[in-house]
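Me: Please take a close look at one part of this model, the side of one chain that touches its partner. Tell me what it is built from.

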Amino acid sequence: MKPIRSSALQLGLVSCHDCHLLSRRPKTLGHGAAHCPRCGGELHQRKSNSIARTWALVLAAMVFYIPANVLPMTITSAVGTVSADTIMSGVIYFMQHGSWEIALVIFTASVFVPFLKFIILIYLLLSVQFKWVKQPKNLTRLYRFTEAVGRWSMLDIYVVTILVALVKLGFLANIEAGPAALYFALVVVTTMIAAESFDPRLIWDVVEKKHE
Amino acid sequence: MSEENSEMKHAEQAPEALVQTKRSFSIIWVVPIIALLIGGWLTFKAMSEKGPVITITFETAEGLEAGKTMIKFKDVEVGKVTDIALNDDRSSVVVSAEMSTDSKPYLTDKTQFWVVRATVAAGKVSGLGTLLSGAYIGVNPSTEGEKTEHFTGLEKPPLVTAGMPGRHFILQSKELGSLDRGSPVYYRGIKVGQAVDYDFNHDRDGVDIKIFIEAPFHEKVLENSRFWNASGIDMTMDATGIKLDTQSLVSIMLGGMAFDLRQHDPPGKQAEKDHHFRLYPDQAGSKEETYDVKRYFVMYFDQSVRGLSPGAPVEIKGIPVGEVVSVKLQFDQNKLDFQIPVLIVLEPERLDALVTESGEAVEGVAKNEELERDTHHSYTLEVRSKKLIEKGFRAQLKTGNLLTGQLYIDLDFYPDAPPAKLEKVDGYTVFPTISAPLEQIVQRVDNIIKKVEQVPFDRIGQELQVAVTELAETLQELKGISGKVNDESIPKVNASLDQFQETMKGIESTLGPDSALSYNTRQVMGELALAIRSVKSLLEYLERDPQALILGKEGDKK
């Protein structure tokens with residue numbers, strides 16, 4: 001087994017979140033909190049309460065995911081005909097009309113990616129909690145992917161926002177954002193925060209503890 | 001130091017206190033709780049707002065679209081089509097729709113659904129808005145009737161929707177004619193309503209037309225109002241010329257109805273909803289009296305009834321009191337004779353109307369007819385009828401039109417008529433008849449014509465031809481004779497004439513004004529005139545004084 005380099009945690013060091021200065025962790029904290037001697041930012045060994053936070057946010061996002069898909073995303077009125085489209089009905093509409101590329105983009109950005117994020121985050125959380133870490137590098141890759149792809153889920157919200165702003169032709173054509181837009185935005189935001197609140201170092205902590 | 005160290009060692013030997021991290025409730029869990037609350041609230045809202053789902057059957061789904069087509073009442077959305085499918089045998093379309101929650105009490109079997117599309121028909125253009133927005137389903141809600149969730153959509157929109165102020169009435173007609181749903185109803189030329197529906201009435205063997213009169217004109221429909229069919233053009237031609245009458249151009253195309261009171265009728269009570277009226281075929285018909293009580297009689301005529309057809313009037317002194325119902329031919333096997341029973345109907349109410357006008361005699365009949373309904377008074381009826389018959393009340397066939405030979409039945413008194421009795425045959429009272437004098441004349445003229453027909457015009461013609469030929473021959477001979485006369489006789493005639501002239505001259509000299517005979521004659525005539533004059537004066541004198549004949553002139557005595 002390859003010897004593991006000692007980590008900051010083992011050496012009793014802590015890195016500042018903001019200025020990344022390495023300082024020694026005080027032995028006892030009492031009721032106070034450790035602060036960076038250079039920039040004054042609060043110091044944490046690991047992100048505080050990371051797993052619980054991530055869990056809470058992931059669950060909230062999953063709850064928001066349901067109305068985001070069931071309720072109409074856009075309410076289009078064209079010459080008196082009002083039609084409300086959900087995300088999936090929009091995808092189906094584009095597919096039926098031959099624009100399967102657009103359908104694919106919408107499906108990936110609005111349906112598939114958020115769902116994938118749930119799966120990845122839950123998998124990461126479970127791995128850390130139950131110490132199932134076999135390939136910590138892969139888990140970290142998954143985490144990076146989640147962080148990187150998160151903002152692209154807002155694509156759908158951007159499209160709706162632009163359409164609502166552009167198509168204001170009164171009686172002839174009018175597009176309004178449906179209630180699903182709000183829930184979808186909440187899904188995206190909560191999953192982003194959830195990914196942010198997850199501390200990937202916990203993965204390595206698990207690996208180190210196993211080797212002790 | 002060693003003491004201190006040893007103390008330290010002792011202290012280090014003491015077990016280390018356990019550090020337990022306080023597992024406090026993290027504020028972050030509020031986020032999923034809020035999410036759950038929102039989710040729960042959304043679910044509850046969706047569940048509570050989910051209205052009843054109904055199905056409507058239409059013949060075609062033309063213009064309907066699942067998820068888009070609305071159900072509207074007074075242009076307010078009350079539901080939405082969720083699904084469109086064919087029914088099992090593919091004969092019609094089943095439209096599923098989700099209604100709003102507050103529409104529940106209106107989902108009864110009286111509620112009507114129909115598709116509103118753009119329609120352009122005579123007199124009406126509607127639903128043009130649907131050309132752009134697409135069709136929608138109209139609804140006419142009704143709280144009456146039984147609750148149901150399965151409806152059959154109307155193919156045509158109903159003409160009157162709920163909540164429209166006004167009143168429905170029912171018109172009874174023999175036939176529908178040119179009327180249709182939407183046919184207008186006029187009151188003095190104003191369109192006040194329309195035909196809503198029509199149906200065949202099996203009990204009455206006629207057509208019931210349901211009409212709707214809009215407020216406030218429904219108050220003009222009184223119980224004794226008369227409705228008539230005002231369809232098309234009413235053309236009358238009389239001595240004053242041709243008269244065209246129509247309610248409106250629309251009624252020419254679509255048909256129409258009109259109603260009014262008859263001029264002399266006092267206004268009655270306002271008619272209730274669904275009051276039944278008779279629909280007269282024309283305005284003139286609506287002005288006639290109607291009689292509900294009808295009495296049937298049988299009459300036997302011992303003469304030809306040619307020209308007497310069902311519908312021919314029965315009159316008393318020129319006033320119609322009934323009409324002929326049927327004319328039949330019966331063969332009497334015992335007598336080997338034909339009989340013609342003529343069934344007539346008398347409308348006693350007409351006679352009633354005549355009571356005041358025509359006096360006691362008719363009143364008798366009228367009362368009889370009325371009393372006939374009441375067996376209690378049958379004795380009086382018989383007595384009265386007997387009296388009338390004794391008085392000579394008879395029926396007689398008369399010619400109404402000499403050109404067409406149309407007959408009518410006239411009831412009148414014939415005191416010289418042979419006595420007759422009232423009988424009953426097959427339940428009908430037999431009304432005694434007498435034969436028409438005209439009929440007899442006609443018979444005689446007939447006989448004359450028959451005799452004339454017997455004259456052998458053929459033979460006469462032939463003989464005439466022979467005679468003419470002979471005449472021609474005679475004339476030829478005459479011509480020959482006259483030729484002879486010319487040649488031989490004329491010189492002699494001339495000589496005779498000369499002699500004649502001379503003779504005349506002799507006579508003239510004897511009788512001429514200067515002749516002696518003439519002079520004497522004049523003289524005599526003068527004297528004769530004088531003599532006559534004196535005789536005249538003598539006679540005048542004698543007339544004054546006749547005693548002068550005996551006593552002589554008075555002047556002489558003196």
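Reply: What follows goes from the chain as a whole to its contact side.

The model is predicted. Start with chain A. Its 212 residues form 8 helices and 5 strands. Along the sequence the order is α-β-β-α-β-β-α-α-α-α-β-α-α. Of these residues, 42% count as buried. Take the contacts in chain A between residues at least 6 apart in sequence: 67% of them join residues at least 24 apart. The exposed surface of chain A comes to about 12,300 Å², with 66% supplied by carbon and sulfur atoms.

Now the contact with chain B. On the chain A side, 20 residues take part; they meet 14 residues of chain B. The area buried between the two chains is about 1,400 Å². Carbon and sulfur atoms give 79% of that buried area. The count of salt bridges between chain A and chain B is 0. Residue pairs in polar contact, with both at pLDDT 80 or more, also number 0.

Which elements of chain A build this side? Three of them each supply at least two residues: α2 (50-70), β4 (81-85) and α7 (179-197). The largest share comes from α2(A), with 10 residues. By residue class, the side of chain A that touches chain B divides into 14 nonpolar, 5 polar and 1 charged.

To recap the part you asked about: α2(A) gives the largest share of the contact side, β4 and α7 of chain A each add at least two residues, and 14 residues of that side are nonpolar.

Terms used:
Residues numbered from 1 in each chain as written. Chains lettered and ligands numbered in written order. Predicted model: local features only at pLDDT ≥ 70, side-chain atom pairs only at ≥ 80, totals over all residues. Heavy atoms only, no water. Helix = DSSP H or I, 4+ residues; strand = E, 2+ residues; numbered from the N terminus. Buried < 20%, exposed > 50% of the residue type's maximum accessible area, 1.4 Å probe, protein only. Contact = heavy atoms within 4.5 Å. Areas by Shrake-Rupley, 256 points an atom, 1.4 Å probe, with all protein chains shown as cover. Buried area = accessible area lost by both parts, 1.4 Å probe. Salt bridge = Lys/Arg side-chain N within 4 Å of Asp/Glu carboxyl O. Polar contact = N/O pair within 3.5 Å; in protein donor to acceptor, adjacent residues only side chain to side chain. Nonpolar A, V, L, I, M, F, W, Y, C, P; charged D, E, K, R; others polar.
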